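Grab a pencil and work through these exercises. Each one has a task and then a solution in small steps.

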Amino acid sequence: MPSRKLINKLFLFLLTIPVLLFIFLPLLWLFNASLSTQVELFSVPPHWFPQHPILQNYLDIFFPSQAASSVPRTYAVSLLNSIKVASAVTVICLVIGSFAAYALVRIPFGFNRRIQLGILGTRMIPEISLVLPLFIIASSLHLINKPIVLILTYMSFALPFAIWMMAAFFQTVPIELEDAARIDGCNRLGILFRVVIPISVPGLISTAMFVFLLAWDEFFYALIFTNTLAAKTVPVAIAEFVGRYAVNITGMMAGGILAAVPPVVLALIFQRYIVSGLTAGAVKG
Amino acid sequence: MRTIHKISLLALALIVLAGMIGCAPKPAASGPVTIHILTMDQAGLKPAEIDQIARDFEAQNPDIKVSMEYLGYDFVHDKIVTGMAANPPAYDAVLIDVIWPDEFIKAGYLLDVTDRVTPEMKAGIFPASWNGVTRNGKIYGMPWLMDVKYFMYNKDILAQAGITAPPTTWEELADQAQIIKDQGLAEFPITWSWNQKEGVTCDFAVLLFGNGGAFVDADGKPAFNNDKGVEILTWMKQTLDDGLSNPSAISSDEMAVEADFLAGKSAFAVNWLFQYSDSNDASKSQIVGQAAFAPMPVFEAGRAAGIEGSSVDGSSSFGVMATTPYADQTWKFLTYLSSNEVQTKYSAEMLPIWTADFEGDDLVKLEAANPSNPVTVPAFLGQFPYANERPTVAYYNEASAALQLAIQEALTGTKSPQQALDEAAAKWIELAGQ
Amino acid sequence: MRRSTSFSPMNKNPGLPAATRLSLRDQDARIAWLLLAPSLIVIAGVTIWPIISTFILSFLDAPTGINQTRTFIGFTNYLTMLGDQVFWETIGRTMHFTLVSVGLELILGLAIAQLIHSHPPGWQFLRFSLIIPWAVPTIVNGAMWRWIYSADFGALNGLLMQLGLIKHYVAWLSMPDMAMNLVILADMWHTMPFVALILQSALATLPEELNEAAMMDGANAFQRFLYVRLPLLRPAILVALIVRTVEAFRVFDIVYIITSGGPAFRTITISYLTYLNSFAYGKQGIGAALSFLISIFTILMAFVYIRILYRPEESQ
């Protein structure tokens with residue numbers, strides 16, 4: 001019996017290997033390319049580990065020299081833009097979204113359900129269906145090519161998502177605690193800030209992380225609404241490495257690694273909160 | 001009652017939102033003016049060199065700052081369209097590919113600069129360059145770069161195969177490629193940019209004109225689906241089936257062609273000028289010193305019909321945006337960028353657009369400007385006269401997309417060349433009618 | 001479980017006497033609207049108003065350009081769209097992408113979730129690893145796979161060649177029947193681990209008692225999975241299914257970066273066709289008609305979603 005259990009475990013363990021290979025082989029190739037020279041990258045068969053690894057592709061990004069092509073030189077600026085936009089979106093969504101979520105799940109006012117469903121519906125509307133009018137509005141308001149246009153338009157997917165997720169978390173706060181606070185003389189806002197939010201901190205962290213990753217990942221709006229370094233974000237900068245005649249695949253891969261580091265590190269640090277977010281039904285594409 | 005409440009709330013919401021986002025501060029117009037220029041990071045000068053030109057210009061014009069924006073070619077068109085929706089426009093001047101002026105003029109993007117062009121410019125720059133930016137007698141841009149597709153081959157591979165002279169006809173090319181393939185010198189001796197982008201239209205144009213064909217007939221009706229067009233598409237497919245053309249061509253753009261050629265994997269390549277200097281750059285190339293130009297081959301049928309050469313025009317210019325508040329400053333910079341002085345100074349990286357540079361003593365100087373020029377200058381002078389134009393219509397992008405689709409359908413065997421081209425031709429007629 | 005995957009109907013648990021609640025109601029309603037106002041304003045501005053505008057735009061002839069006038073042309077955009085062969089091919093390709101990628105994601109995601117749930121040695125590491133592909137930005141993912149698929153220098157060819165599975169390098173993205181499946185594979189690298197994580201966290205919340213009871217009854221592992229866990233997982237699977245379907249149907253980024261729709265539009269999706277019309281061909285009216293069609297599809301999906309998730313609770 002124990003030996004059969006052992007065989008079982010071994011079998012299951014063997015099953016994990018192809019999954020891990022599928023996850024890590026592409027990443028290894030990405031990392032390898034980011035450390036290669038152009039010439040080495042174009043070798044047949046490919047070198048799985050660079051024979052002459054170089055850090056030049058990374059140095060080009062952080063310490064741009066005149067010789068480097070324009071994309072690495074401007075990449076650091078895009079990183080800053082991305083951080084700016086994703087942080088602003090996260091903060092705004094958390095603040096106004098938590099108000100809305102609380103009102104929806106804890107204050108009966110007659111429209112709770114309808115508005116909840118409406119918000120759920122707006123979350124389903126794809127960016128491509130909104131982009132033309134947003135583009136026309138943004139251009140008439142002179143917002144094209146400014147970070148604020150991304151912060152505002154990212155609300156179209158981030159805010160319904162944040163409300164949705166926080167509503168699920170607030171739902172789990174025992175109502176008895178609220179009632180107790182109310183008897184102690186707290187008003188609604190007092191309850192929200194003194195009872196619900198403190199208890200929901202893990203949920204808020206989880207929401208913040210998901211929203212930050214959503215905003216960090218966004219490409220389509222950034223492609224349409226930004227033209228210059230004034231607002232360009234990392235996904236657009238990466239895309240611009242691709243499809244260039246003066247090909248710079250090694251630089252693109254280095255840029256890709258750098259673009260992936262913040263979200264991956266964030267996700268790994270807050271791994272615990274991802275699980276709680278998933279249990280609350282978060283789905284990021 | 002409740003409905004009214006909701007509606008008024010919504011209205012209020014919209015007003016507040018508009019107010020919230022409408023009060024973005026506008027830059028004050030004091031101090032030096034900054035002009036934004038969009039160009040491609042591809043053919044012609046490298047960004048660092050253009051940046052240097054901009055710094056020199058700023059030194060001479062302290063009241064103007066130049067901010068350059070470099071993008072891959074594939075991004076430029078759509079960025080112009082979105083950038084023009086902003087007011088003031090995101091860019092004050094943009095690079096215009098030779099196929100875009102009609103669309104941009106129709107959309108009202110380009111400033112008419114006819115009166116700003118001086119007689120010296122008019123007389124000094126190649127007439128072909130002016131033709132590219134002139135419509136109905138009005139000039140809409142400043143010529144910047146002349147480029148055509150070139151035929152390049154790998155000298156070492158041909159020598160190893162015992163081939164003494166590069167091909168002069170496409171039929172000969174196929175024979176030579178077969179020899180090279182049979183000897184195992186290259187698995188796929190020819191490489192092309194036949195992906196579903198403008199590159200395949202360019203290569204198709206090279207072949208089409210080399211077979212005595214044309215995109216449209218004298219009445220402006222599509223003619224690429226006649227026998228001459230079908231023949232070359234059939235030939236393209238045949239070279240793929242025979243393993244002479246690299247099957248990756250169907251998903252390759254010009255940069256992939258270059259990567260292939262520079263890795264020594266192909267004996268023949270059709271590409272823009274930049275591939276040559278890159279082939280001698282050891283940081284990118286494994287074939288330093290092996291690349292050579294030959295005149296673009298033609299088909300035997302084309303030769304019999306008197307066609308001596310064929311290529312496609314890939315020139316570009318800079319246009320001033322119609323809505324820029326800084327038209328004077330922008331034009332000043334563009335004329336500096338394209339001035340004989342600057343173009344001569346940087347002639348080592350990009351061939352000038354001024355005719356005088358190709359004559360007499362200046363030609364000697366031009367050829368001596370760098371190690372590439374003794375090769376590229378004669379290649380240019382030999383190939384440029386055979387540069388053919390793609391159609392100049394406002395709906396070019398969509399027309400070209402229909403053609404790209406047709407070519408790819410034939411190449412992937414989904415449709416016969418005749419059927420695919422007929423469908424594209426029908427689409428052109430439909431577009432012309434809109 | 002249901003509560004954890006959706007909004008639940010609220011306040012089934014009145015903690016205060018009814019009279020107190022009643023007296024608070026008017027004041028509460030005002031506070032509720034006040035708290036909701038900022039979010040509703042933003043959503044109205046960036047979602048509701050634009051979708052109405054898109055609908056209006058789809059009835060206009062709206063060429064791009066600064067001097068262009070827009071004219072009302074009724075259903076012409078829709079008729080043009082429906083009469084275009086490329087449109088129907090695009091629908092087919094988009095369905096291919098959606099069905100295959102969502103189907104495989106769910107099947108493999110479920111398998112991996114169950115694998116983690118069985119706690120083989122190193123399962124924590126496996127769960128940890130699954131987070132990485134999900135956190136890698138889509139564009140980076142696309143760029144990475146584009147390079148893996150490179151016909152002449154890519155890792156896929158290198159690997160298959162060294163394993164002796166192919167004799168010659170293959171131009172993967174030139175193959176009309178292969179290209180879309182490769183885009184799907186690249187997309188799955190990013191999304192499938194996440195589906196696995198969702199389902200795994202759902203599995204973790206299931207009561208073990210039922211499973212143990214089934215084991216006592218002599219059900220084998222597969223039977224227990226099929227008859228005990230799977231029905232309990234249904235809500236989580238449905239959420240993943242619907243949200244992923246909506247997202248897959250409107251896929252843009254990864255197609256844009258890997259193939260740009262080629263070869264011969266074999267990998268074109270409806271979002272990409274919309275983009276081409278709106279920005280490359282200068283036909284914003286057609287673009288609006290196309291994108292409105294995507295909205296209708298997604299709103300239908302949302303409707304299904306709401307029905308599935310809320311109906312049972314209503315009947316309680």
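**Exercise 1.** Work out how strand β9 of chain B pairs with strand β8 of chain B, and find the bridge partner of B:T191.

Solution. Start with β8 (residues 190–191) of chain B: with β9(B) it pairs in the parallel sense, over two bridges. Strands here are DSSP runs of E with at least two residues, helices are runs of H or I with at least four, and both are numbered from the N terminus. Two strands pair if DSSP finds at least two bridges between them. Next, look for B:T191: its bridge partner in β9(B) is B:A269.

By the way, this is a predicted model, where local features need pLDDT of at least 70 and side-chain atom pairs count only at pLDDT 80 or more, while totals for chains, interfaces and linings use all residues. Residues are numbered from 1 along each chain as its sequence is written, and chains are lettered from A and ligands numbered from 1 in the order in which they are written.

**Exercise 2.** Find the sense in which β7 of chain B pairs with β9(B), and say which way the residues of β9(B) point.

Solution. First, β7 (residues 150–154) of chain B runs antiparallel to β9(B), with four bridges. Across that pairing, B:M152 stands opposite B:A269. Now the directions: from β9 (residues 268–271), B:F268 and B:V270 point one way, B:A269 and B:N271 the other way. In a regular strand, side chains alternate between the two faces of the sheet. All four of these β9(B) residues are buried (20 or more other C-beta atoms within 10 Å of a residue's own; exposed means 12 or fewer, partly exposed in between; C-beta atoms are placed from the backbone).

**Exercise 3.** Describe the side of chain A that touches chain C.

Solution. Count both sides: 90 residues of chain A are in contact with 91 of chain C (C-beta atoms, placed from the backbone, within 7 Å). Then ask who gives the most: helix α1 (residues 2–34) of chain A, with twelve residues. Finally, sort chain A's side by class: 66 nonpolar, 16 polar and eight charged. Nonpolar covers Ala, Val, Leu, Ile, Met, Phe, Trp, Tyr, Cys and Pro; charged covers Asp, Glu, Lys and Arg; the others, Gly among them, are polar.

**Exercise 4.** Sum up the make-up of chain C.

Solution. Chain C has twelve helices and two strands. Along the sequence, they follow α-β-β-α-α-α-α-α-α-α-α-α-α-α. Of its 316 residues, 52% count as buried.

Note on methods:
Contact = placed C-beta atoms within 7 Å.
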